[in-house]
Amino acid sequence: MYIWQKEKWPTFTWDERTLSKTLANVSREQGRLLGKMEGLGFDLRNEAHLRTLTEDVVKSSEIEGEQLPRDQVRSSIARRLGLDAGGLAPADRNVEGVVEMALDATGNYNKPLNEDRLFAWHAALFPTGRSGMGFITVGQWRDESSGPMQVVSGPYGREKVHYEAPPASRIPDEMTKFLSWFEKPGDTDPLLIAGLAHLWFVTIHPFEDGNGRIARAIADMALARTEKTGQRFYSMSAQIRREHKEYYNQLEWTQKGKLDITQWQDWFLNCLLRAIEGAQEILGAVLFKAQFWERFAKEPLNERQIKMLNKLLDGLEGKLTSSKWAKIAKCSQDTAHRDITDLIERHALQKNPGGGRSTSYSLVTP
């Protein structure tokens, strides 16, 4: 019997005494992080927001097995936020759709979450009407045409069913209850609202595909409401990606368990705490970038060097080689070599261990 088949569904309960210490820790660290970010200048906050959202969109898609090009995601977000990210790469419509949903969920956190808004998010996630090679029902609740909605693993003929969602006929009523609660959750602690919203939505599984990404967007929306800001400085999706095996284990255990979801809420809060602590890495990268350009603000650099240094500072995927420099900067191999040699002499770049055709370069860090 699944959780949605219980007699008192969806009357969830949890032990507040068990969660109280973790709740207090998360609230404290959440406040400390926001305080640190308030102390930064406007430009640095925007850079931290851009980095966090980029990480969030990329990792949320990775959880579902989809690899989005990081530079396209960053470019799409920067354009929509009106930020100068330098050398913006064109983004395909799949990237644009995921970014559109993420920005709407957190940037417009104070707007009501309703059926039409969820349909718009779903349509944005699947602009071609396809998931993989097959067509899916887009911008509306799933129907009975594809049979029971199941989460399975294993080879064909020997599949293991991890979870089966409520039948499609129940979805309109189930979603009405969920959306009504989300807008008027009573006196529930805001952090617990985020955890419950995530679990409740993904348990209903109202769409044919994309439920996980939308569930995480709803949780982010709930967290933005607790902080009263549309700017994000930590990524819950990135932390869930690091802990994805335990994430699915917790979901499966909870969905096959009782309506007491203390264990799920405890895991969610601790995952959130680790996500907030991980924001120090983003903050460090933002400060390093600011200090780096402060060092070289008065030194003449050509456009290629500025473009490539920015890509390195923003987390260029893979190793930087002279051939990669030439390809990205659209110049000859000789020109790329001269650009790199010049930056090595200025102590901006350094040669990594190894040589020959595998010679690569990285930023000089303090």
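Here are some questions and answers on a predicted model, taken one region at a time.

Student: Let's start with helix α3. Which span does α3 reach from its first C-alpha to its last?

Tutor: Happy to. Helix α3 covers residues 70–81, which gives it 12 residues. At 1.5 Å a residue, the expected span is close to what the model shows. From first C-alpha to last, α3 reaches 16 Å.

Student: Which helices do the buried residues of α3 pack against?

Tutor: Good place to look next. The buried residues in α3 are Gln72, Val73, Arg74, Ser75, Ser76, Ile77 and Ala78. Their packing partners are α2 (42–63), α4 (93–107) and α11 (262–296).

Student: Is Gln72 buried or exposed?

Tutor: Gln72 sits in helix α3. The cut-off for buried is under 20% relative accessible area. Because its relative accessibility is 17%, Gln72 counts as buried.

Student: Which backbone atom does the side chain of Gln72 reach?

Tutor: Begin with the surroundings: leaving aside neighbours within four places in sequence, Gln72 is in contact with Pro90, Ala91, Asp92 and Val95. Of these, Asp92 is 20 residues away in sequence, with a C-alpha to C-alpha separation of 7.6 Å. The side chain of Gln72 comes to 3.0 Å from its target, the backbone nitrogen of Asp92.

Student: What is the phi of Gly82?

Tutor: Gly82 comes just after α3. Its phi is positive, at about 70°.

Student: Moving to Glu55, which side chain does it join in a polar contact of 2.8 Å?

Tutor: Glu55 belongs to helix α2, and with 17% relative accessibility it counts as buried. Not counting residues up to four places away in sequence, Glu55 touches Arg70, Ser235, Ala238 and Arg242. The polar contact of 2.8 Å runs from the Glu55 side chain to that of Arg70.

Student: Which residues lie nearest the centre of the largest cavity?

Tutor: The model has two cavities of 30 Å³ or more, and the largest holds about 140 Å³ of space. Helices α2, α4 and α8 (211–227) each supply at least two residues of its lining. Of the 17 lining residues, those nearest the centre are Asp56, Ala102, Ala217, Asp220 and Ser237.

Student: How many charged residues are in the lining of the largest cavity?

Tutor: The lining is a mixture of residue classes. Eight of its residues are nonpolar and four are polar. The charged ones number five.

Student: And which elements give two or more residues to the lining of the second largest cavity?

Tutor: This cavity has a volume of about 30 Å³. Its lining consists of His198, Arg216, Ala219, Asp220, Met236, Ser237, Ile240 and Phe268. The elements giving two or more of them are α8 and α9 (236–242).

Student: Which side chains make polar contacts with the side chain of Arg241?

Tutor: Arg241 lies in helix α9 and, at 25% relative accessibility, counts as partly exposed. Setting aside residues up to four places away in sequence, Arg241 touches Lys59, Glu62 and Ile63. One polar contact of its side chain, at 3.1 Å, is with Glu62. Another, at 3.0 Å, is with His244.

Student: How many residues apart along the chain are Arg241 and Lys59?

Tutor: Arg241 touches Lys59, and their C-alpha atoms are separated by 6.1 Å. Along the chain, the two are apart by 182 residues.

Student: What is the omega of the peptide bond that joins Trp9 and Pro10?

Tutor: Most peptide bonds are trans. The bond between Trp9 and Pro10 is cis, and Pro10 lies in the segment before α1 (16–38). Its omega is about 0°.

Student: Is His205 buried or exposed?

Tutor: His205 is found in the loop between α7 (190–204) and α8. Its phi is positive, near 50°, in a residue other than glycine. With a relative accessible area of 12%, His205 is buried.

Student: Is Lys228 buried or exposed?

Tutor: Lys228 also has a positive phi, about 55°, although it is not a glycine. Its place is in the loop between α8 and α9. Because its relative accessible area is 65%, Lys228 is exposed.

Terms used: Residues are numbered from 1 along each chain as its sequence is written. This is a predicted model: local features need pLDDT of at least 70, side-chain atom pairs count only at pLDDT 80 or more; totals for chains, interfaces and linings use all residues. Side-chain values use heavy atoms; hydrogens and water are left out. Helices (H or I, at least four residues) and strands (E, at least two) are DSSP runs, numbered from the N terminus. The expected span of a helix is 1.5 Å times one less than its number of residues. Buried means under 20% relative accessible area, exposed over 50%, partly exposed in between (1.4 Å probe, protein chains only). Contact means heavy atoms within 4.5 Å. On a 1 Å grid over the protein atoms alone, a cavity is a set of points where a 1.4 Å probe fits but cannot get out, and a pocket is an open set with protein on both sides within 12 Å along at least five of seven lines; lining residues have an atom within 4 Å of a point. Grid points are joined across faces, edges and corners, and a volume is the space filled by probe spheres set on the points. Ala, Val, Leu, Ile, Met, Phe, Trp, Tyr, Cys and Pro count as nonpolar, Asp, Glu, Lys and Arg as charged, and the others, Gly among them, as polar. A polar contact is a pair of N or O atoms within 3.5 Å; within protein, one must be able to donate a hydrogen and the other to accept it, and residues adjacent in sequence count only if both atoms are side-chain atoms.
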